[in-house]
Amino acid sequence: MATAFKAFLNSPVGPKTTHFWGPVSNWGFILAGMADMNKPPELISGSMTAVMCVYSGLFMRFSWVVNPRNYFLLATHASNESVQLYQLSRYVKAQGYLEKKEPEAQQ
Amino acid sequence: MATSKIQAFLNHPAGPKTIHFWAPTFKWGISIANIADFAKPPEKISYPQQVAVTATGVIWSRYSMVITPRNLNLFAVNVAMAGTGLYQLSRKIRKDYFSDEKEAVPSLEG
């Protein structure tokens, strides 16, 4: 156990390196998204949420091919992708884009 | 002459045929979306989201300068994120705490 923990501490993508703390800051997006999940969907910014979905998709690929491979960054962006897609679905439903009846009733 | 420079750029290992180019480039979208949201009323700004944008921008700005090689595109995009995030936060804080004294508690405590 102790040696595994030491291996983590000294890893090339571990907490002594920048490769670790950058993704840590990115967890802010996920926590913010989770905090916003219960708020009314009228408060969601559609443009920001859509941008986040593309951004996390791109960075999942980036984290896989970068050297050294950064699984922590991959997990971070996979989580953000899920949260942002959920928020985007709430936004889209609230805006009525998926409804077929009475299109003039919206905006 | 010009075409070979363009070709050198296009075929660079961190060039536009690779994710190393597009991922940081697309990150500009976050700041652009934030600038578009400058026009929205402060009631619609999310404190947790803008704190996350600002904190990410500040931390990645520092780290983009200490990695090898330094990535000035990544530095610039994160400075922009920190800037737009701080501005959005200032708009919301001003609305919630420094205006409309006669109104009841700000929306946070609702």
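This is a short tour of a predicted two-chain model, stop by stop, for you to follow in your viewer.

**Before you start**

Residues are counted from 1 along each chain as its sequence is written, and chains are lettered from A, with ligands numbered from 1, in the order in which they are written. Because the model is predicted, local features need pLDDT of at least 70 and side-chain atom pairs count only at pLDDT 80 or more, while totals for chains, interfaces and linings use all residues; side-chain values rest on heavy atoms, with hydrogens and water left out.

**Stop 1: colour by confidence**

Colour both chains by pLDDT, the predictor's confidence in each residue, from 0 to 100. Chain A has a mean of 88, with 93% of its residues at 70 or more. For chain B the mean is 85, and 88% of its residues reach 70 or more. Now turn on the helices; here helices (H or I, at least four residues) and strands (E, at least two) are DSSP runs, numbered from the N terminus. In chain A, confidence is lowest in helix H2 (residues 18–35), at a mean of 90, and highest in helix H4 (residues 71–95), at 95. In chain B, helix H2 (residues 19–26) has the lowest mean among the elements, 85, and H5(B) the highest, 93. For the model as a whole, the scores are ipTM 0.71 and pTM 0.78.

**Stop 2: where the chains meet**

Show chain A and chain B together. The contact (heavy atoms within 4.5 Å) takes 28 residues from chain A and 28 residues from chain B. The size of an interface is often given as the accessible area lost when the parts come together. Here the two chains bury about 2,400 Å² between them, 73% of it on carbon and sulfur atoms; buried area is the accessible area (1.4 Å probe) that two parts lose on being put together, summed over both.

For a close-up, select A:Ser25 in helix H2 of chain A. Is this residue buried or exposed? A:Ser25 counts as buried because its relative accessible area is 8%, and buried means under 20%, exposed over 50%, and partly exposed in between (1.4 Å probe, protein chains only). Leaving out residues up to four places away in sequence, A:Ser25 touches B:Thr56, B:Ile59 and B:Trp60.

**Stop 3: salt bridges**

Side chains of opposite charge can pair when their charged atoms come close. A salt bridge here is a side-chain nitrogen of Lys or Arg within 4 Å of a carboxyl oxygen of Asp or Glu. How many does the structure hold over all chains? There are four salt bridges over all chains, and the count between chain A and chain B is zero.

- Select A:Asp36 and A:Lys39: their side chains meet at 3.2 Å, N to O. A:Asp36 is buried at 10% relative accessible area, whereas A:Lys39 is partly exposed at 31%.
- Select B:Asp37 and B:Lys40: the closest N and O atoms of this salt bridge are 3.5 Å apart. B:Asp37 is buried at 7%, and B:Lys40 is partly exposed at 26%.
- Select B:Lys92 and B:Asp96: this salt bridge spans 4.0 Å, N to O. Both residues lie in helix H5 (residues 72–97) of chain B, four residues apart, about one turn of the helix, and both are buried.

**Stop 4: chain B by itself**

Select chain B and show it as a cartoon. You will find five helices and zero strands, in the order α-α-α-α-α along the sequence. Of its 110 residues, 38% count as buried. Among contacts in chain B between residues at least 6 apart in sequence, 63% join residues at least 24 apart.

**Stop 5: two places on chain A**

Select A:Trp64, in helix H3 (residues 46–65) of chain A. A:Trp64 counts as partly exposed because its relative accessible area is 37%. Add A:Val65 and A:Tyr71, and you have a nonpolar surface patch of about 290 Å².

Finish at A:Asn10, in the loop between helix H1 (2–9) and H2 of chain A. A:Asn10 counts as exposed because its relative accessibility is 51%. Draw a distance from its C-alpha atom to that of A:Asn67: the two residues are 57 residues apart along the chain, and the atoms are separated by 17 Å.

Note on methods:
Patch = residues over 30% accessible without salt bridge, like charges linked within 9 Å, V, L, I, M, F, W, Y side chains within 5 Å. Areas by Shrake-Rupley, 256 points an atom, 1.4 Å probe, with all protein chains shown as cover.
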